[in-house]
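What follows is a walk through a molecular structure, meant for someone who is looking at it for the first time. Please keep the sequence and the 3D view at hand while reading.

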Amino acid sequence: MRAMLLRPAASLGLLLVIAHVLIAIAAPWIAPFAPTSLLDTPLEPPNATYWLGTDDLGRDAFSRLLWGGRVAMLVAFSAGAVAVLGGALLGLSAAYRRGSFDDVLLRLVEMKLAVPTILFVAIFVTGFGQSVPVLIVAVGIIQMMGVVRTTRAAGIVLMEQGYVRAAQLNGESGPTIILRDLLPNVADLMAVEFALRASSALLLVSALSFLGLGISPPTPDWGLMVEDGMALLESEPALVLAPALCIATLVLGINLAAEGLADALGLDAARGGSG
Amino acid sequence: MIYLILRRGALSLATLFLLASFIFFATEVLPGDALDVSLSADELAMMPPEVLARRKAELGLDRPILERYLSFLGGLLTFDLGRTIITRAAVADIVTMPLRNSLALAGVTLLLALPVALAIAMAAAHAKGRVLDNAVSGAAIIGYSIPEFVTGLLLIAVFAVWWPLFPATVTASTDDPLGVLLAAAPLAIATTIIGSIAYLGRILRVGLIEVMASDFVERLHLSGIPRWRILWLHALPAAMIPGLSAAALYAAALVSGVVVVELVFAYPGIGAELVRAVTRREVHVVQAIALAAAICVVLFNLVADLSIAALDPRTRR
């Protein structure tokens, strides 16, 4: 952690993430107005009451901006957690068992790599409808496959270590070895993977919302706000540029922190890749 | 080599088969059948049971799952994509032109982005650890942290609104010749290129720096061969291999990027078609688009795999 904080880019990234998370948590208390109530005439220019003006329905754009990261972050961080936990267990099991289980899993990973993420979610949304739980599961599964790849590779190296062989010779069961001997040793990798998965999940969720396939109105959401405001770019640029800036700074923050963390731990962030 | 081509080809087919099965089960089995998915909950509740049963029989949805699954696969093998459930339009007719347009956008992007990304990565690797390298790494991390729709909007804001050089949206229509279409979409192309350069530049830079730190480069260096010559003649071909193995990820990212960018600029491709099909619940169109995109990515990956085998004898097992 200290090695990570010594890097200015990583500290900046961490600061950006913390600021965004705090604002998202505090939004109900610090936002001047309720994000979904119709307050005034639509498209008021920015003024003392409405700091960013009102949107096309007369809602306070600043309050919506403060609220706008909550659901996207919830989905991205939950999906990241699902991906890292599920992915690590699957990847390590594959490294432990090899054989046909490993083969099937690798084929599934390959299949996921062949489908562009947005299309993958579109298939889920077509089948199961558009809701936050569906989004978390779909995005989590997509991100999981990348984690399977990296933890499996790490697990195969660990399987050659003396203490794992000793545990095997002691007659320890598979789940015990996976949970007690392998999992703790990939904790570093999992931390980096979590950051990378969360950032790519966030990009994916905001893109989906922008397309109208992600978070649905009237929930305040940055991707949706950009989509709504696009036609007003000329007259009310703040309505579009502010949420766009929020998405970009949050993702940038996570990526910088992830890269710093990977550097500090001696892992290679670019290798994890953002699939 | 022929054995290798056959083996990789068979693996690609297996991947596509798995994917087709996944698509079928996710859209036609788990949530109910194709008609259930095509109707909204209200429409489904309003429809008398005997009408629903009759329509299902007409559409062949009363058959057992296995039979429907086999006829779905059979249809794919004969390139029969079926008809939409509600409007009975042929799916192939709906998908063909948008697919052509999207492929053109992706192709132009790849053609223009690859040399630029390569040049940038070479320059960064040449100056590793110095100002230029740090600037390139910084630009790359910013580049892939910004979603395509934000990049697109910024380009519109700058080059279409404040300084009106280009049109903000594409005015050409779906069936226009590709030349007309691409000429009408300069900002859309610029957006996908920016994303691709950030993605490719990052992968290639890491590959080049890794190769430059290896023993054989050290040896060349000690033999007195100048650094630029090592970089061009020895490191570049070696660094192409990790670059190529990231090709599948890149191809998938490119398609996702294209989908989003199309929506930003109203470019008439599969992205626009996909969103329309999902919101109108046209199951078979979503299936066809997902499969078509996957086939492109799998083919791209197959070519990359075979090129790796051609470049690196060690991988020919």
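In this predicted model, a good place to begin is a pair of helices in chain A, H10(A) and H12(A), whose crossing is left-handed. Helix H10 of chain A covers residues 187-211 and helix H12 of chain A covers residues 237-265, and their axes come within 9 Å and cross at roughly 165 degrees. Because angles over 145 degrees count as roughly antiparallel, H10(A) is roughly antiparallel to H12(A). On the side of H10(A), the contact is made by A:Asp188, A:Ala191, A:Val192, A:Ala195, A:Leu196, A:Ala198, A:Ser199, A:Leu202, A:Leu203 and A:Ser206. These residues are met from H12(A) by A:Ile247, A:Leu250, A:Val251, A:Ile254, A:Asn255, A:Ala257, A:Ala258, A:Leu261, A:Ala262 and A:Leu265. Sorted by class, the contact of H10(A) with H12(A) holds 16 nonpolar, three polar and one charged residues.

A second pair in chain A can be read in the same way. Helix H4 of chain A, residues 70-97, and helix H5 of chain A, residues 99-114, have axes that come within 7 Å and cross at roughly 140 degrees. H4(A) and H5(A) are therefore oblique to each other, and H4(A) passes H5(A) in a left-handed crossing. From H4(A), the residues A:Leu90, A:Ser93, A:Ala94 and A:Arg97 meet A:Gly99, A:Phe101, A:Asp102 and A:Leu105 of H5(A). By class, this contact of H4(A) with H5(A) has four nonpolar, two polar and two charged residues.

H4(A) also takes part in the surroundings of helix H9 of chain A, since the buried residues of H9(A) pack against H4(A), against helix H7 (132-158) and against helix H8 (162-169) of chain A. Which residues of H9(A), the helix of residues 174-182, are buried? They are A:Ile177, A:Asp181 and A:Leu182, and because they cover an arc of only 75 degrees around the axis, they lie on the same side of H9(A). The face of H9(A) turned away from this buried side carries the exposed residues A:Pro175, A:Thr176 and A:Arg180.

Stepping back to the whole of chain A, one finds 13 helices and zero strands. The C-alpha atoms of chain A fill a box of roughly 75 × 45 × 30 Å along the principal axes, and of its 275 residues 53% count as buried. Among the contacts in chain A with a separation of 6 or more, 71% are accounted for by residues 24 or more positions apart.

Chain B can be described in similar terms, with a secondary structure that comes to 15 helices and zero strands. Of the 317 residues of chain B, 40% count as buried, and residues 24 or more positions apart account for 74% of the contacts in chain B with a separation of 6 or more.

Where the two chains touch, 48 residues of chain B are in contact with 41 residues of chain A. On the side of chain B, the elements that give two or more residues are H1 (2-29), H7 (131-145), H8 (148-162), H10 (186-212), H13 (247-265), H14 (270-279) and H15 (283-311) of chain B. H15(B) gives the most to this side, with nine residues. By class, the residues of chain B that touch chain A divide into 40 nonpolar, six polar and two charged.

How values were computed
Residues are numbered from 1 along each chain as its sequence is written. Chains are lettered from A and ligands numbered from 1 in the order in which they are written. This is a predicted model: local features need pLDDT of at least 70, side-chain atom pairs count only at pLDDT 80 or more; totals for chains, interfaces and linings use all residues. Two residues are in contact if their C-beta atoms, placed from the backbone, lie within 7 Å. Helices (H or I, at least four residues) and strands (E, at least two) are DSSP runs, numbered from the N terminus. Ala, Val, Leu, Ile, Met, Phe, Trp, Tyr, Cys and Pro count as nonpolar, Asp, Glu, Lys and Arg as charged, and the others, Gly among them, as polar. A residue is buried if 20 or more other C-beta atoms lie within 10 Å of its own, exposed if 12 or fewer, and partly exposed in between; C-beta atoms are placed from the backbone. The arc is that of the directions from the helix axis to the C-beta atoms. Axes are lines fitted to C-alpha atoms, for helices over the stretch in contact, and angles run from 0 to 180 degrees between N-to-C directions. Angles under 35 degrees count as roughly parallel, over 145 as roughly antiparallel, 65 to 115 as roughly perpendicular and the rest as oblique. A crossing is left-handed if the near helix is turned anticlockwise from the far one by less than a right angle, and right-handed if clockwise.
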